[in-house]
Amino acid sequence: MPPRRKKAKVVASDATIEVATSSGANAETKARAPTRRNLRGRRGSLKDMLNMPLDVLYEIFGRMHPRDLLNLARTSKDFRMLLMSRDSALFWKAAREQVPGLPECPAFLSEPQYANLLFSSFCNNCLKKNAQMFVWEFFVRYCSSCKDKLVVREAFDMRDLTADIQENTGIKESFYSTALMPRTKHSYSMVHYVHTPEYEKLKTQWKALETAEEKISFAKTQVALVKARIEPAKTLASWKTNELQTRSSELDGLKQERLDSILAHLRKEGWAEDIKKMDYTDGLDLRSHKAVRKPQKLTDSAWESIRGEIVALMEEIREARLQRERDALWSTRLELMCQVVSAYDTSLGRRTAMSDTQAQFADLALMPPFRTLVDAPPDTSVTAQDFENLRDSIPTLRAEWLEARRAEILELIPQEVAQASKAELSLSLAFVGFECAMCSLENLRWPNVLAHSCLRPKYSNPDAYKQQVAKMSSMISMPAPWRGKAGDLLFSERWKITRSVISALGKDPDTTTYEEMMQHQARMICLSDDGDPMEVDCRQAHDWKSAVVHVLAVAEEDSLPGHRAKHRWHVLDASEAARVIALEEPDIAPELDPNNIFFGLEGLLPVTTRPKYCCSHCRQSATRPLIDHCITAHAIKDPRIDEDFYVHPDRRGTLDIMKPVYVYPDGEDNVVEPDFRAIVAKSIPEGSI
């Protein structure tokens, strides 16, 4: 009967086991290594390094970076005892030589302290990680919170301590280090800062001294220590700056190498032409991408992981470039168009207020005949003659544009207004007015509303072509395209009041136009007014527009006692109205009155209340009459309004506001002072007001 086989016994390494057979013979057989638990410290243990000879340790430590020695000293107590002993200074010096250009260790610091200051990332106070705020004058590294707490501005009590030491020792020096730093984070003013732990230590040691000899010796030692720190602090600050610059250059080199690799991959995939045409902004967009700016070499697998993002970015860059090329092409063609339109406008003679209410250059550029030329494909040749051929069509195009705007604005009139009117609505009617929803400017009239700046915005437009037209218009000081949107322009809510005032003047509001009312010389007073604040029985004379404003002002106070909602009007006769008109004059704001000390400060006025004057000979405009401009720029000796310059139709500002003229009823006791703007009206019986 054959002997029983014995179990195998492991006596060799994990990969080799020895098997004992029944005959006692030994054989080595390669077998599968048993599974082992991955226990920390099982491999790569450093515990045996401590048993090595010192010359071997010197060779090992001397090839390490000081940062590695710091980390090694923190691995165990044994390594800490070895590396923190004075006998290990040679190890630290040898490691320090591995750092190019590193200054020698200052005499007042140990080698481990020096390495910890420069190469550890922990705050010297709270041990917070990634503390990068150095104060070289104090040889400390702090986090931001510890720096603010421990490095403070030199106070008077600190200077008192210095004065006390100087008085007791006769040594006129500084006994603690100071750092010249900005007063605040963003300040250019420099002040002295003090290291609080150093100062407190100095203060405690000084108070403990008793004899004069001790105090003098202590003071000399402190002065020597302060002076010994000055040069090493400067040297280390310079070294750190150079090190940061060197590291930054290394990282920039890695980023550039990665960028070059990415560009090489893109060229292989057919983006060579786009890369060649990239401008600075495009290159910056590519460099700034998170997948590109990493300071790491690009591997094939890394490229595959970021390829989708980079290709998507390149598509955006290509679209932006193509749009810039289109913008440049549009700009060139718009310049040719502008020359033709400007020449046509010049041939019409002097500009007037109505010139600003017609289709401008930008409006024509959006109309089909001109837009077809400007927006023609890049390979189509477009010359100045092509635009010149459209010159004769400008009057027709402007008429079409005006009718389109008329129909557009007519739609803003509410149905309630149409029902109240007995005749067909027209934008020229006196009671038809509008209000800007953006600047709240009221009493906008047709066609002056077409020149309102809020309805010709120059800001971003979703249509690239319209945006380029607006940009071009701004460059040549011309209005942007009309872009009145729903909600930007509102029908005036004062239409009912205006109709009642027009009726009170004996006019039919359904047929009376704005121009007719402006030419109407009638003046009226409100008999239901509460009187003059001077408690004199007189009333203010109103034209039709100021009468509307008067009703609105009273309407706002209807809820207060003593105010009436209904108004009784009395129309002055022709002679009395003429006397009132003779006394009327514009109520000019102090900023616009040449006789006032505030003259020239019209920028203080709201935009909607500033008048705007335009030159009839060019595109110049200002908030004051352009008399000097006409004299110097156009050699006109006696410039006149409405001939050489005019008020822009967008707004007349304070020029529409008149100083009040008052009316007294007929009576023997009513005598008007010479300097008071008032008349006595015989058509108003005494006692009627």
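**Close-up views of a predicted model**

**View 1. A positive patch on the surface.** Lys 255, Lys 290, Arg 293 and Lys 294 together form a positive surface patch in this structure, which is a predicted model. One member of the patch, Lys 290, lies in the loop that runs between helix H11 (280-288) and helix H12 (300-347). Lys 290 has a relative accessible area of 55%, and is therefore classed as exposed, since exposed means over 50%.

**View 2. A buried valine and its contacts.** Val 135 belongs to strand E3, which covers residues 133-135. Its relative accessibility is 2%, so Val 135 counts as buried, because the word buried is used for values under 20%. When residues up to four places away in sequence are not counted, Val 135 touches Val 140, Lys 147, Val 151 and Ala 179. How far apart are Val 135 and Ala 179 in sequence and in space? The two residues are separated by 44 residues along the sequence, while their C-alpha atoms are 7.7 Å apart.

**View 3. A salt bridge between a buried and an exposed residue.** The side chains of Arg 96 and Glu 104 come together in a salt bridge, with a distance of 3.1 Å from N to O. Is Arg 96 buried or exposed? With a relative accessible area of 7%, Arg 96 is buried, whereas Glu 104, with a relative accessible area of 62%, is exposed.

**View 4. A salt bridge between two helices.** Glu 416 and Lys 496 form a salt bridge in which the closest N and O atoms are 3.2 Å apart. This pair links distant parts of the chain, for Glu 416 sits in helix H17 (residues 415-420) and Lys 496 sits in helix H19 (residues 495-504), 80 residues apart. Glu 416 has a relative accessibility of 43% and so counts as partly exposed.

**View 5. A network of salt bridges.** Asp 274, Arg 318, Arg 321 and Glu 325 are joined into one network by salt bridges that share partners. For the structure as a whole, the count of salt bridges comes to 29.

**View 6. The salt bridge of Glu 388 and Arg 391.** Here Glu 388 forms a salt bridge with Arg 391, and the closest N and O atoms of the pair are 3.6 Å apart. The distance satisfies the rule for a salt bridge, because that rule asks for a side-chain nitrogen of Lys or Arg within 4 Å of a carboxyl oxygen of Asp or Glu. Glu 388 counts as partly exposed, at 32% relative accessibility.

Terms used: Residues numbered from 1 in each chain as written. Predicted model: local features only at pLDDT ≥ 70, side-chain atom pairs only at ≥ 80, totals over all residues. Heavy atoms only, no water. Patch = residues over 30% accessible without salt bridge, like charges linked within 9 Å, V, L, I, M, F, W, Y side chains within 5 Å. Areas by Shrake-Rupley, 256 points an atom, 1.4 Å probe, with all protein chains shown as cover. Lys, Arg positive; Asp, Glu negative; His and termini not counted. Charge placed at Lys NZ, Arg CZ, Asp CG, Glu CD. Helix = DSSP H or I, 4+ residues; strand = E, 2+ residues; numbered from the N terminus. Buried < 20%, exposed > 50% of the residue type's maximum accessible area, 1.4 Å probe, protein only. Contact = heavy atoms within 4.5 Å.
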